[in-house]
Amino acid sequence: MTAADTRIAPAAVQAAADRIAPHVRHTPLLRRDALPGLLVKAEHLQHSGSFKLRGAANAMLALGADEVVAGSSGNHGIAVATLGRALGVGVTVVMAAGAAEAKEAAIRALGGRVVRVPGGVTDRDRYARDLAARTGAALVPSSDHELVVAGQGTVGLEVLRDAPGLDTIFVPVGGGGLLAGVCLAAAHLRSAVRIIGVEPERARRYARSVAAGRPVEVPPVDSVADGLRGQRPGEVILPVVRHRVDELIGVDDRAVLRAMALLHRAGIPAEPSGAVALAGALRLGLPGRGAVVVSGGNSAAALGAVRPAHADTGR
């Protein structure tokens with residue numbers, strides 16, 4: 001992959017890693033007896049409870065805005081609100097009707113404003129764009145933005161540097177920023193690792209778009225993986241995925257819940273969206289040395305520990 005192939009140069013991921021280092025945690029690769037041959041990238045241990053902090057931090061630090069607007073199913077909004085609280089930036093998060101109430105409550109507890117809109121993810125993102133344009137706030141999308149994708153790609157940098165010689169990485173696919181970021185990280189490090197994106201079975205917009213050779217939008221769907229219900233592939237993201245991803249597979253809700261239960265028994269409290277990559281790995285059962293990205297752990301129980309915005313922040 002070259003810079004001419006996409007709107008993001010692979011080296012942008014390293015630039016993001018340097019920029020966000022003071023604000024993010026280098027999460028561990030965990031080994032568990034119940035998952036032989038697999039390493040678990042523990043992004044549920046990230047500040048804000050998910051990998052989304054990485055992209056949010058890269059965008060917000062680079063843009064330097066006083067007010068930001070973000071559309072989110074929950075984890076991106078929590079990440080933006082977490083950064084906004086630390087940086088003194090005003091945050092408004094637009095959420096679709098079906099987004100988890102516990103995640104809305106967490107955003108509010110962190111000091112973010114929440115606007116609920118009817119419809120699905122496409123409607124949510126359209127409203128967020130319009131709101132940012134009307135108010136002059138900076139728009140920080142959940143995935144389809146060069147800075148956000150580069151920030152998410154730091155997950156891939158850490159995995160590939162911590163586990164050289166890895167055969168396969170399984171990546172959950174919602175908006176696609178994490179998958180595209182891992183693809184860019186592999187290109188930057190000139191790694192031949194096999195990259196497999198795992199989508200909810202009923203929301204396979206990237207698989208369908210790659211097969212069709214054009215963007216394909218899917219209707220709003222219900223899924224236990226509430227953070228992975230996007231409808232349209234990203235304009236920034238799709239070219240990266242098309243050029244570098246090795247395979248895109250789908251998993252149903254039962255497979256996701258089985259994978260989540262296995263992770264919980266292994267002491268890894270993944271939320272459903274965070275268990276999707278493992279569901280894909282279990283489906284394929286590939287031999288060799290692999291890694292799965294547990295993208296988040298923001299269950300309702302975990303989110304109950306978020307402190308209200310008026311609590312002491314140490315500032």
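The following dialogue explains how to read several features of this structure.

Q: What kind of model is this, and how are its residues numbered?

A: This is a predicted model, in which local features need pLDDT of at least 70, side-chain atom pairs count only at pLDDT 80 or more, and totals for chains, interfaces and linings use all residues. Residues are numbered from 1 along each chain as its sequence is written, and side-chain values use heavy atoms, with hydrogens and water left out.

Q: Which strand order does the open sheet of 4 strands have?

A: Strands (E, at least two residues) and helices (H or I, at least four) are DSSP runs numbered from the N terminus, and two strands pair if DSSP finds at least two bridges between them. Here the order is β5-β4-β3-β6, with parallel pairing. The edge strands, β5 (113-117) and β6 (138-139), each pair on one side only. Strand β4 (residues 90-96) is joined to β5 by 5 bridges; Thr 92 has Arg 113 of β5 as its bridge partner.

Q: Why is one side of β1 and of β9 left without a neighbour in the sheet?

A: These strands belong to an open sheet of 6 strands with mixed pairing, ordered β1-β2-β10-β7-β8-β9. β1 (29-31) and β9 (247-251) are at its edges and have a single partner strand each, so one side of each lacks a neighbour in the sheet. Within the sheet, β7 (residues 168-172) and β8 (residues 194-200) run parallel and share 5 bridges, and Val 171 is partnered by Gly 197 in β8.

Q: At what angle does helix α12 run to β9?

A: Axes are lines fitted to C-alpha atoms, for helices over the stretch in contact (heavy atoms within 4.5 Å), and angles run from 0 to 180 degrees between N-to-C directions. Helix α12 (residues 276-284) runs at about 100° to β9 and lies across β2, β7, β8, β9 and β10. In the other sheet, helix α4 (residues 101-109) lies across β4 and β5, at about 150° to β5.

Q: Why is helix α10 described as largely enclosed?

A: Buried means under 20% relative accessible area (1.4 Å probe, protein chains only). In α10 (residues 237-244), 6 of the 8 residues are buried, so the rest of the structure largely encloses this helix. Among them are Ile 237, Pro 239 and Arg 244; their cover includes α6, α8, β8, α9 and β9.

Q: Which residue lies over the face of Tyr 127?

A: A charge sits over a ring if NZ of Lys or CZ of Arg is within 6 Å of the ring centre and within 35 degrees of the ring normal. Arg 134 occupies this position, at 5.8 Å from the ring centre of Tyr 127.

Key:
Buried < 20%, exposed > 50% of the residue type's maximum accessible area, 1.4 Å probe, protein only.
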